[in-house]
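Q: I'd like a close look at one part of this model: any empty space inside, and the buried residues worth knowing about. Walk me through it in one go, please.

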Amino acid sequence: MKIFAYGSLINIQSLKTTVPGVGNIFPAKVFGFSRSFCLPSSYRFDSQTNEPVCVLNVKHSSSQASLNGICFEMDTNNFEALKEREKFYSLQEVDVHHYDDEIGSFSGYLFIAEYYAPYSFLSASPEQAHYLRLCIRGCEVYGLDFIEQFKKTTDFWGIEENTDVEEIWKGISTSNHN
C-alpha cells in the first residue's frame, strides 16, 4: 500500500515510530489539494493551556494546485498502527507523482479529515512550534526547494495577515530545534 504524507509523517523519525516496517520512501506531490493548519490534534496538547495543538489537514483545491510531501509503502500489518495514529482522518485514493515528475503518476492514498470544526494555530504554544519544526525537519532531507514548497503550500486557518504568517515561519527558523 502506498501512502502520501503531507504533515508530520514527512519526518522519517516520526513516521518510523508509528510504522517501523515502512519502505520505499521518496519525495512526491499530489494535485488538487491544499494544506492547512486547521485541525485539533487528538493527542498533542499545549502544556500550559491543555488545548489541542493544531495539526495539518488537506482540502480539495483547484486541479492545478500541487502539494508536496512524501510517499511510502507499507504492508497491511503496519497499516493498523498508522490508522490508529490518524484515526480522525479517512483515506482517500489519489494520483501521486514523483516530486520532479508532473506527467507520470501512480495510485496511492492520503489521509483527509472532511467533517470537523476549523481550529486555529496556537502561535504562542511551544508544543505547536515543536509540531511545525517536526514537519520542517522532515522536509530538510529533501532540500531547500522542498522546504520552500512546503511553506508556500501551507496556510494557517484563522491567521490572515501575511506578517503574522511570516512571524510564524521566522519563529520556527530562528528558534532552537528542541
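A: Here is a tour that starts with the empty space and then moves on to a few residues.

A word on ground rules: this is a predicted model, where local features need pLDDT of at least 70 and side-chain atom pairs count only at pLDDT 80 or more, while totals for chains, interfaces and linings use all residues. Residues are numbered from 1 along each chain as its sequence is written, and side-chain values use heavy atoms, with hydrogens and water left out.

Rolling a probe the size of a water molecule over the atoms shows where empty space is left. On a 1 Å grid over the protein atoms alone, a cavity is a set of points where a 1.4 Å probe fits but cannot get out; a pocket is an open set with protein on both sides within 12 Å along at least five of seven lines, and lining residues have an atom within 4 Å of a point. Points are joined across faces, edges and corners, and a volume is the space filled by probe spheres set on them.

By that rule there is one cavity of 30 Å³ or more, and the largest cavity holds about 260 Å³. It is lined by 21 residues, with Val55, Leu56, Glu86, Tyr89 and Tyr131 the closest to its centre. Strands (E, at least two residues) and helices (H or I, at least four) are DSSP runs numbered from the N terminus. Strand 1 (2-5), strand 3 and strand 4 each give this lining at least two residues, and strand 3 has the largest share, with six. The lining splits into 13 nonpolar, four polar and four charged residues, counting Ala, Val, Leu, Ile, Met, Phe, Trp, Tyr, Cys and Pro as nonpolar, Asp, Glu, Lys and Arg as charged, and the others, Gly among them, as polar.

Those last two strands each hold a residue worth a stop. Asn57 sits in strand 4 (residues 52-60) and counts as buried because its relative accessible area is 0% (buried is under 20%, exposed over 50%, partly exposed in between, with a 1.4 Å probe and protein chains only). Its side chain makes a polar contact of 3.5 Å with that of Tyr116; the term takes a pair of N or O atoms within 3.5 Å, where within protein one must be able to donate a hydrogen and the other to accept it, and residues adjacent in sequence count only if both atoms are side-chain atoms. Leaving out residues up to four places away in sequence, Asn57 also touches Tyr89, Cys38 and Tyr6, among others, where contact means heavy atoms within 4.5 Å.

Cys38, in strand 3 (residues 33-45), is buried too, at 4% relative accessibility. With the same kind of neighbours left out, its contacts include Asn57, Tyr116 and Trp157. The C-alpha atoms of Cys38 and Phe156 are 6.7 Å apart, although 118 residues separate them along the chain.

Phe156 brings us to the largest nonpolar core, where Phe72, Leu132, Phe150 and Phe156 touch the most other members out of 54 residues. (Such a core is a set of buried Ala, Val, Leu, Ile, Met, Phe, Trp, Tyr and Cys residues joined through side-chain atoms within 4.5 Å.) Helix 3 contributes its largest share, six residues. Setting aside neighbours within four places, Leu132 contacts Phe150, Phe156 and Ile172, among others.
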